[in-house]
Amino acid sequence: GRAVFDRPLKVNWASKSGDKASESEANNIFVGDLNPDVTPSDLEKAFSAFGSIVSARVMTDPTTGRNKGYGFVAFVDREQAEEAIGKMNGEWLNGRQIRVNWAHARGVTGKVGAPDVAGGSRQQDYWTVYQLSAYTNTTVYVGNIPVGHELMGEDTLRHHFSNCGNISQVRINEEKSFAFIRFETHEAATTAIAYLNGTEFLGSKLRLGWGKD
């Protein structure tokens, strides 16, 4: 197929229904196994030929600043995303074959795998996580935070989760090594739990779940 930054892409439609779901979330594509040098601009450039992009995000490690091997591309409408899927599947991007699955999948039994910093692979079902709490809940519980680490702080924690969506508040309980992060949307909070639970943050494996809004 056509080469895009010398890397093959495999893309699947990211779908989620519901009156309360925003178009950008419903038209979101998960792109995994990215080369460490891929940036949000690279993703945007690779997919922009197919329509207007709401956002192109690459999840990054707060310590090294390098990407964690996966990201998301959200289109303005479904037709644009579908065209991107049809034409980009099997293409190349930066010389490495990537793994793609649904970012938001309703009624899909398969799970989305996202690499963690330790080199392993986690699998979380986005839609299952989505339904575990009320749509009005946007708060994520973050356990096992490394309170004794010299780089630990609100700014570092915000950076680790920032690519999941806009954050409105971060509360850290240093005595009990946990924090609560409030996002602006339920979708962003779900993304954090589904893809960052079990990832490494400053040497600690994070435990994520729904908090109380």
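**Burial, cores and local contacts in the predicted model**

Phe-30 is buried, its relative accessible area being 0%, and the residue belongs to strand S1. In this model, which is predicted rather than experimentally determined, the C-alpha atom of Phe-30 lies 9.7 Å from that of Arg-57, although 27 residues separate the two along the chain.

At the level of the whole chain, the secondary structure consists of six helices and 12 strands. The chain has 213 residues, of which 52% count as buried, and its exposed surface amounts to about 9600 Å², with carbon and sulfur atoms supplying 44% of that area. Among the contacts in the chain with a separation of 6 or more, 72% are accounted for by residues 24 or more positions apart.

Nonpolar side chains tend to be buried together in soluble globular proteins. The largest nonpolar core in the model comprises 32 residues, and the members that touch the most other members are Val-140, Val-142, Leu-157, Phe-161, Ile-181, Phe-183 and Leu-208. At least two residues of this core are supplied by each of strand S3 (67-75), helix H4 (126-131), strand S7 (139-143), H5, S8, S9, helix H6 (186-196) and strand S12 (207-210). The largest share, seven residues, comes from H6. When neighbours within four places in sequence are left aside, Phe-161 is in contact with Val-142, Ile-167, Ile-181, Phe-183, Ala-192, Leu-196, Leu-206 and Leu-208. A second core, separate from the one just described, contains 18 residues, including Phe-47, Phe-50, Ala-56 and Ile-85.

Side chains of opposite charge can pair when their charged atoms come close. The structure holds one salt bridge, which is formed by Arg-158 and Glu-154, with a distance of 3.0 Å between the closest N and O atoms. Because the two residues are four positions apart in helix H5 (residues 154-161), Arg-158 and Glu-154 are separated by about one helical turn. Both partners fall between the limits of 20% and 50% that bound the partly exposed class: Arg-158 has a relative accessibility of 24% and is therefore counted as partly exposed, and Glu-154, with a relative accessible area of 36%, is likewise partly exposed.

Two loop residues were then examined for their backbone conformation. Most residues other than glycine have a negative phi. Asn-94, which is not a glycine, nevertheless has a positive phi of about 55°, and this residue is placed in the loop between helix H3 (78-88) and strand S4 (99-102). Ser-177, also not a glycine, has a positive phi of about 55° and is found in the loop that runs between strand S8 (167-173) and strand S9 (178-183). With a relative accessibility of 22%, Ser-177 counts as partly exposed.

Asn-94 is also involved in a contact with a residue of another loop, namely Asn-35, which lies between strand S1 (28-32) and helix H2 (40-47). The backbone oxygen of Asn-94 is 2.9 Å from a polar atom of the Asn-35 side chain. Asn-35 has a relative accessibility of 18% and so counts as buried, since the class is defined by a value under 20%.

Conventions
Residues numbered from 1 in each chain as written. Predicted model: local features only at pLDDT ≥ 70, side-chain atom pairs only at ≥ 80, totals over all residues. Heavy atoms only, no water. Buried < 20%, exposed > 50% of the residue type's maximum accessible area, 1.4 Å probe, protein only. Polar contact = N/O pair within 3.5 Å; in protein donor to acceptor, adjacent residues only side chain to side chain. Contact = heavy atoms within 4.5 Å. Areas by Shrake-Rupley, 256 points an atom, 1.4 Å probe, with all protein chains shown as cover. Salt bridge = Lys/Arg side-chain N within 4 Å of Asp/Glu carboxyl O. Core = buried A, V, L, I, M, F, W, Y, C linked by side-chain atoms within 4.5 Å.
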